[in-house]
Amino acid sequence: MKFIPIILVVLSSTCYHVSQKATPSGISPIVALIVTYVTASIVSIISYFVFVPKSDFVGLMEAVKTANWASFLLGFAVVGLELGFLLAYRAGWQISGASLLCNTLVALMLIPIGLLFFKETISLTSIMGVVICITGLVFISR
C-alpha cells in the first residue's frame, strides 16, 4: 500500500513526458496548456465527487474555500513545469535527458529546503546519493 502513490507518480510522470514530447509543434504552447488544464479540471471535479467520502462531502465550493496559498502557488508551478518542458522538447532536448537533468537539479534544490523549512534530516547515505547525482549531471552534460 505504501508504494501505490509512488507507482501513480511514476506512471503519471511517464505519461506526462511522453505527451509533452508528442505535442504537435504547430500548436501554440498556451493553447496546449489550455486543453491540458480543461481536461485536468474535468478529471479533478469528477474525482472529487467519486473519491470524497459522503460524510466529508461539504460541497465543492465550500471545500475550495479551505485552500491556502500553497494551492495557488502549485497552480503557478504546474504551469511553469508544463510550459518549461514543452519548450525544452521543442528546443531539441531528448526526453530522457531533460527529465533526468531537471529531476536531479530539483532533488538537489529540495535538500536545503527540506533541512531549513521542514526540519528534515540528511544521512550519510543521502549525502553519498547527492554526490552520485552531481557526478551523473557531469556525465550527462558532456
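This short presentation concerns helix α5, its residue T104, and K119 in the loop that follows. Please bear in mind that the model is predicted.

I begin with the helix as a whole. Helix α5 runs over residues 95-117. Its 23 residues reach 32 Å from the first C-alpha to the last, which is close to the 33 Å expected at 1.5 Å a residue.

Which residues of α5 are buried? They are G97, A98, S99, T104 and G114. The cover over the buried residues of this helix includes α1 (4-22), α4 (69-90) and α6.

Let me now turn to T104. Its relative accessible area is 10%, and T104 therefore counts as buried, the cut-off being under 20%. Where does the side chain of T104 reach? It comes to the backbone oxygen of L100, at 2.8 Å. Leaving aside residues up to four places away in sequence, T104 touches C133 and L137. There is also a C-alpha separation to report in this context: T104 and G136 are 32 residues apart along the chain, and their C-alpha atoms are separated by 8.8 Å.

Finally, I come to K119. This residue is placed in the loop between α5 and α6, the latter spanning 124-140. Just after α5, then, K119 takes a positive phi of about 55°, although K119 is not a glycine. Is K119 buried or exposed? With a relative accessible area of 66%, K119 is exposed, because the cut-off for that class is over 50%.

To close, T104 in α5 is buried, whereas K119 in the loop after the helix is exposed.

Technical notes. Residues numbered from 1 in each chain as written. Predicted model: local features only at pLDDT ≥ 70, side-chain atom pairs only at ≥ 80, totals over all residues. Heavy atoms only, no water. Helix = DSSP H or I, 4+ residues; strand = E, 2+ residues; numbered from the N terminus. Buried < 20%, exposed > 50% of the residue type's maximum accessible area, 1.4 Å probe, protein only. Contact = heavy atoms within 4.5 Å. Polar contact = N/O pair within 3.5 Å; in protein donor to acceptor, adjacent residues only side chain to side chain. Expected span 1.5 Å × (residues − 1).
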